[in-house]
Amino acid sequence: MAGDGLTAAIYDGWLDTDLGTIYVQLHTGDPGASGTANVAATSTRVAVTMAAASAGSMAESTTPSWTGAATETITHIAAFSAASAGTFYWSAALTTAKSINSGDTLNLTTLTFALTPVAA
């Protein structure tokens, strides 16, 4: 019988070891394979603390925020290991693009990262 994924314990261990704190950057389009394309003017990476992993998934335990540096539409985020340089982990499209103006505050209220499939 073939397995259908790794166990949640393996996924949770990887997530907790590697992704306790990530640094999120905003993008106005797809960040590309290295996370460096379409960087927003509001480009400061913000630290996000992730809660302990469970069932192969982890969610933010803090709410990161940015102050708009220009009028732009944020469509994607990219996650890194450090506030500058560091390792690019992943990127994702926002569920809904967000238009911001200079001086606006943008809060990222939901961020979840999951590894699948989890073995039954």
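Is Val48 buried or exposed? Val48 is buried, because its relative accessible area is 0%. This value, like every other in the account below, is computed from a predicted model.

It is useful to set the whole protein in view before returning to single residues. The protein contains 1 helix and 8 strands. Followed along the sequence, these elements give the pattern α-β-β-β-β-β-β-β-β, with the helix ahead of the strands. The C-alpha trace spans about 55 × 25 × 25 Å along the principal axes. Of the 120 residues in the protein, 32% are buried. The contacts also tell how the chain is folded back on itself: among those between residues at least 6 apart in sequence, 70% join residues at least 24 apart.

Val48 may now be placed within this arrangement. This residue belongs to strand 2, which comprises residues 46-49. When residues up to four places away in sequence are set aside, Val48 touches Gly20, Thr21, Ile22, Val24, Glu60, Thr62, Pro64 and Leu111. A further relation in space concerns Thr63: Val48 and Thr63 are 15 residues apart in sequence, and their C-alpha atoms are 7.2 Å apart.

The next stage of the tour is the loop between strand 1 and strand 2. Three of its residues, Gly29, Ser43 and Arg45, deserve attention. Gly29 is found in this loop and counts as buried, because its relative accessible area is 13%, and buried means under 20%. Leaving out neighbours within four places in sequence, Gly29 is in contact with Asn38, Thr75 and His76. Its C-alpha atom is separated by 21 Å from that of Ala47, a residue 18 positions apart from Gly29 along the chain.

Ser43 lies in the loop between strand 1 and strand 2 as well. With a relative accessibility of 28%, Ser43 counts as partly exposed. The C-alpha atoms of Ser43 and Ala78 are separated by 10 Å, although these two residues are 35 positions apart along the chain.

Arg45 is the residue of this loop about which the most can be told here. Its place is between strand 1, residues 21-27, and strand 2. What surrounds the side chain of Arg45, a residue that is buried yet has no salt bridge? The nearest side chain of opposite charge, that of Asp30, is 14 Å away. Arg45 does, however, lie over the face of Phe80, at 3.5 Å from the ring centre. Backbone oxygens also come into the picture: that of Ala82 lies 2.9 Å from a polar atom of the Arg45 side chain, and that of Ala85 lies 2.6 Å from a polar atom of this side chain. Not counting residues up to four places away in sequence, the residues touched by Arg45 are Tyr23, Val24, Gln25, Phe80, Ala82, Ala83, Ser84 and Ala85.

Ala85 leads to a point of backbone geometry. Most residues other than glycine have a negative phi. Ala85, however, has a positive phi near 55° and is not a glycine. Ala85 is situated in the loop between strand 5, residues 72-80, and strand 6, residues 88-100. Ala85 is exposed, because its relative accessible area is 59% and exposed means over 50%.

A second alanine shows a positive phi: Ala55 has a value of about 55° although it is not a glycine. Ala55 is located in the loop between strand 2 and strand 3, the latter formed by residues 57-59. At 51% relative accessibility, Ala55 counts as exposed.

Ala55 in turn connects this loop with helix 1. Asp12 has its place in helix 1, which covers residues 8-18, and Asp12 touches Ala53, Ser54, Ala55, Gly56 and Ser57 when residues up to four places away in sequence are not counted. Which side chain of opposite charge is nearest to Asp12? That side chain belongs to Arg45, 25 Å away, and Asp12 is buried yet has no salt bridge.

One last feature concerns the aromatic rings. The count of aromatic pairs in the model comes to 3.

Conventions
Residues numbered from 1 in each chain as written. Predicted model: local features only at pLDDT ≥ 70, side-chain atom pairs only at ≥ 80, totals over all residues. Heavy atoms only, no water. Phe/Tyr/Trp six-rings, centres within 6.5 Å; stacked < 30°, edge-to-face > 60°. Lys NZ or Arg CZ within 6 Å of the ring centre and 35° of its normal. Helix = DSSP H or I, 4+ residues; strand = E, 2+ residues; numbered from the N terminus. Buried < 20%, exposed > 50% of the residue type's maximum accessible area, 1.4 Å probe, protein only. Contact = heavy atoms within 4.5 Å. Lys, Arg positive; Asp, Glu negative; His and termini not counted. Salt bridge = Lys/Arg side-chain N within 4 Å of Asp/Glu carboxyl O. Polar contact = N/O pair within 3.5 Å; in protein donor to acceptor, adjacent residues only side chain to side chain.
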